[in-house]
Amino acid sequence: RRSSDIQPKEVKRPLPLNCLIPYQVPFNAVAVRVMHTDVAPAHILYSVNASWVGLCTLLDDVRLQSDGPVLLGQTPVCDCLGFGIVRGIDMEKKLYYILTPLLPEELKLVNCLLIGSIALPHTVFKNQPGIKGDAPYVTTDYNFGISGAGKIKINKQLKRREHNRLPGP
């Protein structure tokens, strides 16, 4: 596999995410930070899973002997070597499964995953060719009793600030 090749060139139609071979990255090899919002430590892995992430290099060593993920308290200033998709997380083996065009030699330099506000398009999950049955990461079985599980409600009655200004003289 060459750099910039996530999908094999000989494939005519894009393969579903679950057919691509990810890199396995141990929890304790990388620090994680959600940059655009505060996320409770207990929910950080929900934010990371199926996310577009920056694959970054911190000057400090982040390897810890902890069981859980290494969390950063603030957003660092660091070099970004590329981007990837966290395709899955194995809680038993303590691994992130990451799809990226980076070569293994480059990925060895990565010690930080930064999650921003860029979300993967829904079509990446909904329109995966060759999927039979339920598609990974897609559900219609919501528990609306859980905060954040339902559809976003739009309030069209709110006026923007610029509409509240009185006309000038």
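Here's a short back-and-forth on strand E7 and the second largest pocket in this predicted model.

Student: Which residues of strand E7 point the same way as Cys112, and are they buried or exposed?
Tutor: E7 covers residues 112–115, and its side chains go two ways. Leu113 and Ile115 point one way, while Cys112 and Leu114 point the other. All of them count as buried, with the cut-off at under 20% relative accessible area. So the partner of Cys112 is Leu114, and the burial class is buried.

Student: Which strand runs parallel to E7, and which residue there stands opposite Leu113?
Tutor: Look at strand E2, residues 31–34, which is joined to E7 by 4 bridges in the parallel sense. Across from Leu113 in E7 you'll find Val32.

Student: What about the antiparallel neighbour: which residue stands opposite Ile115?
Tutor: Strand E3, residues 52–57, pairs with E7 in the antiparallel sense over 4 bridges. Opposite Ile115 in E7 stands Val53.

Student: Switching to the second largest pocket, which element gives the most to its lining?
Tutor: The pocket has a volume of about 220 Å³, and 13 residues line it. Two elements give two or more residues to that lining: helix H2 (104–107) and strand E1 (23–26). With 4 residues, the top contributor is E1.

Student: How many of the lining residues are nonpolar?
Tutor: Nearest the pocket's centre lie Val25, Ala29, Leu107, Lys108 and Val110. Over the whole lining, 2 residues are charged and 2 are polar. The nonpolar count is 9.

Methods: Residues are numbered from 1 along each chain as its sequence is written. This is a predicted model: local features need pLDDT of at least 70, side-chain atom pairs count only at pLDDT 80 or more; totals for chains, interfaces and linings use all residues. Side-chain values use heavy atoms; hydrogens and water are left out. Buried means under 20% relative accessible area, exposed over 50%, partly exposed in between (1.4 Å probe, protein chains only). Two strands pair if DSSP finds at least two bridges between them. On a 1 Å grid over the protein atoms alone, a cavity is a set of points where a 1.4 Å probe fits but cannot get out, and a pocket is an open set with protein on both sides within 12 Å along at least five of seven lines; lining residues have an atom within 4 Å of a point. Grid points are joined across faces, edges and corners, and a volume is the space filled by probe spheres set on the points. Ala, Val, Leu, Ile, Met, Phe, Trp, Tyr, Cys and Pro count as nonpolar, Asp, Glu, Lys and Arg as charged, and the others, Gly among them, as polar.
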